[in-house]
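Trainee: I am new to this structure and would like a close look at a single part of it. Could you take me through the charged side-chain contacts slowly and carefully?

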Amino acid sequence: MLGIFLDTETNGLNPFLYQVLEIAYQIIDLASGEKKGEYQTVVFHTPEVWEKSNPSSLQINGFTYETIKKGKNSREVEQDITAHFTALDINRKNSVYICQNPSFDRIFFAQIIEPKIQEERLWPYHWLDLASMYWALFVKNNRKIADFRGFSKDAIAKDLKLKPESQPHRAMQGVRHLHLCYEALIGFPEKEKKSF
């Protein structure tokens with residue numbers, strides 16, 4: 001089974017008003033932890049789209065229009081991802097998406113590749129989230145609810161004795177931090193066997 005560890009950066013939180021500025025993912029073998037591939041790009045937008053950006057979102061991700069205007073258009077990004085997924089035979093039987101906030105990333109990913117096209121290509125439709133994995137293990141391990149510090153990736157990282165994600169937030173560093181948190185929380189079974 002492959003995990004598509006995915007993150008997006010946007011110019012606002014509402015997908016009906018704002019756009020994807022950057023997308024990144026790493027494709028990881030969930031048994032061995034081996035990285036099968038990765039992709040990252042900034043997405044071009046017109047000045048008219050940029051002017052509608054939410055300042056709070058831009059403060060978090062640090063993007064400027066100078067960076068955005070050098071990005072690829074969404075059609076090129078779609079072609080890149082399609083070629084990559086095809087080369088690795090990504091499909092719903094052998095792959096899942098893993099995100100910190102899949103309801104957010106999934107709808108912005110759909111701006112680049114329409115759900116209808118994803119369905120036609122039989123791409124994965126399961127989007128797993130780190131926060132639910134963390135919560136399930138927190139409760140299963142009989143931890144006190146009073147000790148729970150929240151669902152943010154940085155809160156999870158702190159509880160796992162990991163450093164927070166560096167800032168400003170960028171998609172690939174978000175993916176790498178997500179991968180690190182996942183490995184500390186869930187692990188990769190074949191990798192763990194080899195370490196003994």
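Mentor: In this predicted model, the side chains of K191 and E183 meet in a salt bridge, with 2.8 Å from N to O. Both partners can be placed by their accessibility: K191 is partly exposed, because its relative accessibility is 38%, and E183 also counts as partly exposed, because its relative accessible area is 29%. A further contact of this kind joins the side chains of D80 and K72, where the N to O distance is 2.6 Å; here D80 has a relative accessibility of 23% and counts as partly exposed, while K72, at 31%, is likewise partly exposed.

The side chains of E119 and R92 also meet in a salt bridge, at 2.9 Å from N to O, and this pair links distant parts of the chain, since E119 sits in helix 6 (residues 115-120) whereas R92 lies in the loop between helix 4 (74-87) and strand 4 (95-99), 27 residues apart. E119 is partly exposed, with a relative accessible area of 44%, and R92 counts as partly exposed at 24% relative accessibility.

Beyond these pairs, K35, E38 and R176 are linked with one another in a network of salt bridges. When the whole structure is searched, 12 salt bridges are found, whereas a search for disulfides finds zero. The sulfur of C181 is the nearest cysteine sulfur to that of C99, yet it is 13 Å away, and so C99 is in no disulfide, a bond that would need the two sulfur atoms within 2.5 Å.

Conventions:
Residues are numbered from 1 along each chain as its sequence is written. This is a predicted model: local features need pLDDT of at least 70, side-chain atom pairs count only at pLDDT 80 or more; totals for chains, interfaces and linings use all residues. Side-chain values use heavy atoms; hydrogens and water are left out. A salt bridge is a side-chain nitrogen of Lys or Arg within 4 Å of a carboxyl oxygen of Asp or Glu. Buried means under 20% relative accessible area, exposed over 50%, partly exposed in between (1.4 Å probe, protein chains only). Helices (H or I, at least four residues) and strands (E, at least two) are DSSP runs, numbered from the N terminus.
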